[in-house]
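Please open the structure in your viewer and keep the selection tool at hand, since this tour moves from one group of side chains to another.

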Amino acid sequence: MKNSMFKAIATLACAAALTACGGGAKNNDTTPLPPQPAYAVVVDNEPGGSAPVVASGDLVTFSYTGWLYNEAKTDKKGDQFESSVTNSVDKPMTMTVGVGARIAGLDKALIGMQAGGSRLVIIPSNMAFGPVDVKDSTGKVIVPANTSVVYQLNVHSFSTLPSPIPPQPVFTKQELQVGSGAAAAAKNLVTIQYRGWLYDNTKPDNKGTEFLDKYSGQPFSFLLGVDSRIAGWDQGIVGMQVGGKRRLLIPASMAWAQYGRKDDAGNYIVPPGTAVVYEIEMTALNATPPAQTAQPAFDKIIIAEGAGDASVTGNTLTVSYSGYLYDDSVTDKRGLRFDTSLTKGVPMTVKLGANAVIKGWEDGLLGMKAGGKRTLIIPASMGYGTTGQGSIPANAPLIFDVEVTSITK
């Protein structure tokens, strides 16, 4: 088994989701999610005594083995997909805990461990790799989309960094108002209004600077547990009812992790490693969202112009992106997110005119500048047509949010 702990994310290449060879996350609106267990520590062996324990912000060195979750097995261990041991040689991983450097479930599992301790944990997919396939360096899918995992962790050592990350709360759901009707579940189309604040542990309500106010204007709709934007929403909105309100305290590892969140001008509204507080009201819930049949016209919506020369045929572009199924019943038209480079940290390289990507990308990227951002609305005829591709159904229109990070002539 290859040492893939961090290579897995780095090699989640999107080329398969956009080129003729196809691919992307293997999930869609009609396929049931695999079994989703609750997070659980199955075995916890710690030295005990007064030895210090791992906390958020510590630099931890640990060994690991990961298996796909298999509900039918007594120990829940399915196929092994990665390990720090390669050819009988252990190559432990070192990472900062609490900022989502890997997955939220590992942050949670390592906190409280002691040097010399070991844990076996079960991690649901929304605290693992979420709605994208994880591939190894050869392109083989090692963790299918929406798959829960099991990890064996052994901590060797840890130390507190000189510049610790901001204070991190334990993930918390506070019921502000109970709603009525059906409880929200995975793959439901939920509609919410919400506000977001930076977490401030010096305030009685933990609300620091407000970074987002979505109580004004149109409510926001999305598929819960499939494209909930952050793991904290997956965990925090499940079980809500229409009319219900909740306050969520979300550590960075279940929010924007070490990446942070930027506004359209490129300024951080949530700095890297920062926890957040959300107050959310559920205004509508649809357990069986309608399938999309209408075909929108091709459109290029310019979000940011960028700078420098505009791209032309023959140029090679590096592109960060998120791809969604177009859904006319959703406020922002973004249905299931079938692929994104943002969770992988690896942009895609595209040579314009080489016919290596769909026509919607060829036409949509043409004329963009470095630093430019666009939203591309792509009818099926300029996407994957009547055949579809991977998790993209036949005749499915698409939406891509794209940002060109560089252009080479």
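**A tour of the aromatic rings**

Begin by selecting Arg334 and Tyr324 in this predicted model, where the charged end of Arg334 sits over the ring of Tyr324, 5.8 Å from its centre. Then select Lys262 together with Tyr268, and you will find that Lys262 lies over the face of Tyr268, at 5.0 Å from the ring centre.

Next, turn to rings that pair with other rings, of which a search of the whole structure finds twelve pairs. Select Tyr321 and Trp361, whose ring centres are 5.9 Å apart and whose planes stand at 70 degrees; angles over 60 degrees count as edge-to-face, so this pair is edge-to-face. If you trace the chain between the two, you will see that distant parts are linked, because Tyr321 belongs to strand S20 (residues 316-326) and Trp361 to helix H5 (residues 359-365), 40 residues apart. Tyr321 is buried, with a relative accessible area of 1%, and Trp361 also counts as buried, at 0% relative accessibility.

Keep Trp361 selected and add Phe400: the centres of these rings are 5.3 Å apart and their planes are at 85 degrees, so this pair is edge-to-face. Here again distant parts of the chain are linked, with Trp361 in helix H5 and Phe400 in strand S24 (residues 398-408), 39 residues apart. Is Phe400 buried or exposed? Like Trp361, Phe400 is buried.

Finally, select Tyr194, Phe211, Phe220, Trp233, Trp256 and Tyr278 together, which form one aromatic cluster.

Methods: Residues numbered from 1 in each chain as written. Predicted model: local features only at pLDDT ≥ 70, side-chain atom pairs only at ≥ 80, totals over all residues. Heavy atoms only, no water. Phe/Tyr/Trp six-rings, centres within 6.5 Å; stacked < 30°, edge-to-face > 60°. Helix = DSSP H or I, 4+ residues; strand = E, 2+ residues; numbered from the N terminus. Buried < 20%, exposed > 50% of the residue type's maximum accessible area, 1.4 Å probe, protein only. Lys NZ or Arg CZ within 6 Å of the ring centre and 35° of its normal.
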